[in-house]
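Me: Please take a close look at one part of this model, the loops with unusual backbone geometry. A short account of the whole chain may follow.

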Amino acid sequence: MAVLVTGGAGFIGSRLIERLLRRDDAQIVCLDNYNDYYAPALKHANVAGFETDPRVRMVECSFGDAAAMRRLFDEAEIEFVVHLGGYAGVRYSLENPFPYVEHNVGGTTSLLEAARHHSVRRFLLISSSTVYGRYAVAPFQEDAPLGVPLSPYGASKRAAELMGFTYHDLYRVPVVCIRPFSIFGPRLRPDLALSIFAAAILDGKRLPLFGDGSIRRDFTYIDDFCDGLESALTADGVVGEAVNLGHDEPIAVRQVITTLEEVLGKKAEVERLPEKPGEMPVTHADLAKAKRLLGYRPKTSFVDGVRRFCDWFIASRAAHQ
Ligand SMILES: NC(=O)c1ccc[n+]([C@@H]2O[C@H](COP(=O)([O-])OP(=O)(O)OC[C@H]3O[C@@H](n4cnc5c(N)ncnc54)[C@H](O)[C@@H]3O)[C@@H](O)[C@H]2O)c1
C-alpha cells in the first residue's frame, strides 16, 4: 500500500508512519515542510528512526504547492492519504489566523485537487474536536448540529472538513473526516498543556494554570488513535462520514496536574492566571460511530499514557540539552 502521510515529521504523523511500517507491503511518503511553529530539531528527531528506511520517501515541501502535489501523487502512485499536516495550536490561532487559512484550508484543497485527478482509495482528512464549537452538547455526536468554532483554528478545521465533504460529493474523492480528541503520548508537541506542565514541574518553575482547572479534555493515547486511523484506511461504510476518535472519559486539567505530580514524584507550583478565550469548557467524544464503523476501542488509561509520556519527555529533554 502506497500511503502519503502529510505532517509526517509531526507528533502524530511520525508515530503513524512507524506503525504503518510494520506492514510488509508499506510504501510511505513522509511529507513535511518542517515549519518553525515549534523547533524543527524536534521534528527531525521524530523521523530519525525511519528516514533512511528504503520503503520511506522523505519529501520536504508544502502540501500547499498544488502543482508539486499533482506530480507527487502521480510519481509515487499514491493510493492512501492520511492528511495530518497543518497548523494545530488553538491559542496561536487567536493572534495569527492567516497560516491556518493558508495551510489548513488552502493546503488541504491542493491535496484534495491532487486526489481528484489521481484517484486514491482513501483520503483521511484529520480534523479536530474543536469543530463542535460553542454550545455543543457533550458527549459530542458526529451527526448532531455543530456550533460556531471558538477559534480560527477550529474554523479552519471546519472549513477543511466542508471542502473534503464537497470533494466527496462532487468528485467522489473517498474522504473520511477524522475528529481527534486531545491526543497525547511520546513526542507530544511542546505547545500543549501536558508538555508545558511537565516541564514546569521538572524544572521547579511556576506552572501556568489559566482559569480554575475545571476545563475537561477527552485525552486519548496516541497508539489508540493510530489504531483508529489504521482501521479507517480500509473499513467499509466510512467514506463521506465524520468519525470521532477519542476516549469517552474527560479529565479535568486539575486532575492532569495531580497525575503528573504523582508520576514525576514532584509537586507543582501552580500560578493561577485569568481564563483564556478560545477554549471549550469540555470535549467529550461519543464513540458509538467509531465502534460501529471501525471496531474502535481505546485501551490505554490516562495514567498509563501519562507514565509513557513522562518516560519519553525526560529522555528527550536529556537528549536535546
Ligand atoms: N495533537 C492533538 O491532540 C490533535 C487534536 C486534534 C487535531 N489534531 C490534528 O492532527 C494533526 C497532527 O497534529 P500534531 O499534534 O501531530 O501536530 P504537529 O504540529 O506535530 O504536526 C503537524 C506537522 O505538519 C507540518 N506542516 C504544517 N504545515 C505544512 C505544510 N503546508 N506542508 C507540509 N507540512 C506542514 C508541520 O511541520 C508539522 O510537522 C493536525 O492536523 C492537528 O490539527 C491534533
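Reply: The loops come before the chain as a whole.

This is a predicted model, in which local features need pLDDT of at least 70, side-chain atom pairs count only at pLDDT 80 or more, and totals for chains, interfaces and linings use all residues. Residues are numbered from 1 along each chain as its sequence is written.

Helices (H or I, at least four residues) and strands (E, at least two) are DSSP runs, numbered from the N terminus. Between β5 (122-126) and α6 (152-171) runs a loop that holds proline 139. The peptide bond leading from alanine 138 into proline 139 is cis, with omega near -5°.

Glutamate 77 sits in the loop between α3 (66-75) and β4 (80-83). Its phi is near 50°, a positive value in a residue other than glycine. A residue is buried if 20 or more other C-beta atoms, placed from the backbone, lie within 10 Å of its own, exposed if 12 or fewer, and partly exposed in between. Glutamate 77 has 11 such atoms within 10 Å, so it is exposed.

Arginine 172 lies in the loop between α6 and β6 (175-180). Here too phi is positive in a residue other than glycine, near 60°. Arginine 172 counts as exposed because it has 12 C-beta neighbours inside 10 Å.

As for the whole, the protein chain has 11 helices and 13 strands. Its C-alpha atoms fill a box of roughly 55 × 45 × 35 Å, taken along the principal axes. Of the 321 residues in the protein chain, 45% are buried.
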